[in-house]
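Reader: Thanks for sitting down with me. Could you take me through this model and explain the terms as we go?

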Protein chains: 2
Amino acid sequence: MPPGTRAANRSELTQAILASASVQLAEIGPAALSVRQIARDLEMASSAVYRYFPSRDALLTALLIQAFDDLGRAVEEGAATGADLRDRFTGAAHALRGWALAHPHEYALTYGSPVPGYAAPTETVASATRVAAVLLAIVRDAQVEGRPLGAGTRQFSAAERTAVAPISDFVEPALDDAHTARAMVVWATLFGHVSLELFGHMNNAVLDYKEHFTTVIEQLADDLGL
Amino acid sequence: MPPGTRAANRSELTQAILASASVQLAEIGPAALSVRQIARDLEMASSAVYRYFPSRDALLTALLIQAFDDLGRAVEEGAATGADLRDRFTGAAHALRGWALAHPHEYALTYGSPVPGYAAPTETVASATRVAAVLLAIVRDAQVEGRPLGAGTRQFSAAERTAVAPISDFVEPALDDAHTARAMVVWATLFGHVSLELFGHMNNAVLDYKEHFTTVIEQLADDLGL
DNA sequence: CATAAAACAAGAGCACTGCTCTCGTTTTGT
DNA sequence: ACAAAACGAGAGCAGTGCTCTTGTTTTATG
C-alpha cells in the first residue's frame, strides 16, 4: 500500500466516530452516549475506538466544541441578517433560541449541568466565546453610535468595574460602565429564558413560548437603547 | 412482634434510603448516584431497595422534590428577612444564589439539564413553584402599593397577554401587563445568572461573582420599581 | 388460635457500561 | 530488510440498573 494510507484512514475514522457520536448525541443525549454503540455502528471493536479518543470524556469534549461552534455560527448568521442594530440583536437572540430548540441535547451539553468532575479544556473556550462576542459587538456598536441606553441604568461601583473588566475590555473600544451593565443583564436573561423554557420550567406558566420570548427580547432591546 | 412493626420499619427504611441518597447526591451528583452504593451504605441487598423505590428515577424524583422544597424554604427565608419590598427582593435573590452555591449538585438536579426522557411527575410542581411564588408576591405587593416601574417598560401585545396569563393570575390581585413583563425578565435573569455562574460560563469573564450578582439584582430591583 | 395471604430480605443472574490488556497483524521510518 | 510503531480484535474486569426465585417473617382472615 502507498504511504500515507494510515494517516488518511486515521483522519477518516476519527471523523466517522465523531459523526456517529454526533448522531447519538442528537438522538439520545450526552448522558446516554455509548462508546460501544458507536463501535457497533461502525462495525469495529469497542476497544479500537479508544485508539482515536482516549476516553468517553474526550469524545464528549469534541462534541462540546462542535456544538459551541455550531451555535456560534447560527447566532452569527442570525445577527448578520439584521439591517440595523436592533435587528441584529433580535436576529441573534432568535437564532440562539431557535438553535436550542432544534438541538436540545446539544444545548444541554453546552449550557446544562456539566457532568461531575468535568472541567472544560482550554480548546473549548474559543468556541464558547462566539455567542458572547456577537452580543458584545452589537452593544459596542450601539455605544459607538452614541445611542442612549434605556432609562434607569444604574451606576457602577468601583468593585463591579474591576469585576467585569474582562467583559468591558473584550471589545474595542471598550464598553463603558452602563453598556457593560446592560449587556451582562441581557446575557443572563437570554440564556435564562432559553434554559427555563427548554428544561421545562415554564410548563403551565407560559402558554406561547415564542410570543413571550419575542416580548422579552424587545424589552431587552429597549433597555440596550437599540 | 407487636403489630405495626412492619409499617414503622418501612417508614424508617424509606427515610434511611432517602438520607443515604441525599448524601450521595450532595457529594457526587445525580448522574453518579448509585442504588447499589446506597444498599452497601445501609448494609442491605441492592434488590431490597427496590421494595421502597421502584426505580432509580423514582429515587431521583424524591430527591428532586426535596431539593425544590429546600430551595423554596431558603428563598422564602431570604425574603422574610427584608424590611421593605426592595430588601425582600434582594434577600430572596441572594438566598437563591447562596443556596445554589451551597448545593451545586442539587441545583443541577433542579435547574440543570433534565435526564433524557425524564418527565417531572405532578408531585414536583407544587415544590417547584415556591421560588416563583415568592418573586411574584413581591411584584404584586409593589403593584398594590402603587410604586412606578422602572422607565422604559414596554406595552404588551394581546398575544403576549394570553401567553403569560397563568403568571399574571398566579397572585391575587392579578399582575398588570407591565408588572408581569418585568417579573418575567427578572425570573429569567436570576436563574440565567446563577446557572451561568455555577456551570462555569463566567470563568475568566467575571472576576467577582458576588459583586456582579449584587449589581445585577440592584438593577433588577430598579427595573421593578422597588 | 390456626392458616392463608401478603410483604419482605437476600442472592443469583441478565444485559449493559467504560476501560484495560494481550496478541497477532499491518504499516511506517530507518 | 528490519525494527518500531500503530493498529484491530477479543477477552476480561469492575461496575451499573433491574428482575426473578427462594425462603422467611409479619399481617389479616376464617
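Reader: How many nonpolar, polar and charged residues does the surface near DNA strand C have?

Author: Happy to start there: that surface has ten nonpolar, seven polar and eight charged residues. Nonpolar here covers Ala, Val, Leu, Ile, Met, Phe, Trp, Tyr, Cys and Pro, charged covers Asp, Glu, Lys and Arg, and the others, Gly among them, are polar. A residue is near a strand if one of its heavy atoms lies within 4 Å of it. This is a predicted model, in which local features need pLDDT of at least 70 and side-chain atom pairs count only at pLDDT 80 or more, while totals for chains, interfaces and linings use all residues. Residues are numbered from 1 along each chain as its sequence is written, chains are lettered from A and ligands numbered from 1 in the order in which they are written, and side-chain values use heavy atoms, leaving out hydrogens and water.

Reader: What makes V35(A) a polar contact of DNA strand C?

Author: A polar backbone atom of V35(A) is 2.8 Å from a phosphate oxygen of the strand. A polar contact is a pair of N or O atoms within 3.5 Å; within protein, one must be able to donate a hydrogen and the other to accept it, and residues adjacent in sequence count only if both atoms are side-chain atoms. The V35(A) pair therefore qualifies. R36(B) instead uses an N or O atom of its side chain, 3.4 Å from a base oxygen.

Reader: Why is H212(B) called buried?

Author: Its relative accessibility is 2%, and buried means under 20% relative accessible area (exposed is over 50%, partly exposed in between, with a 1.4 Å probe and protein chains only). H212(B) therefore counts as buried. Leaving aside neighbours within four places in sequence, H212(B) is in contact (heavy atoms within 4.5 Å) with E160(A), V164(A), M184(A), H193(B) and V206(B).

Reader: How do you know that R154(B) and D222(A) form a salt bridge?

Author: Their closest N and O atoms are 2.9 Å apart. The rule asks for a side-chain nitrogen of Lys or Arg within 4 Å of a carboxyl oxygen of Asp or Glu, so this pair passes. The count between chain A and chain B is four salt bridges.

Reader: How many residues does each chain bring to the contact?

Author: Chain A gives 52 residues and chain B gives 52 residues. Among those of chain A, R154(A), H201(A) and Q219(A) supply 14% of the area that chain A buries against chain B, more than any other three residues. Buried area is the accessible area (1.4 Å probe) that two parts lose on being put together, summed over both.
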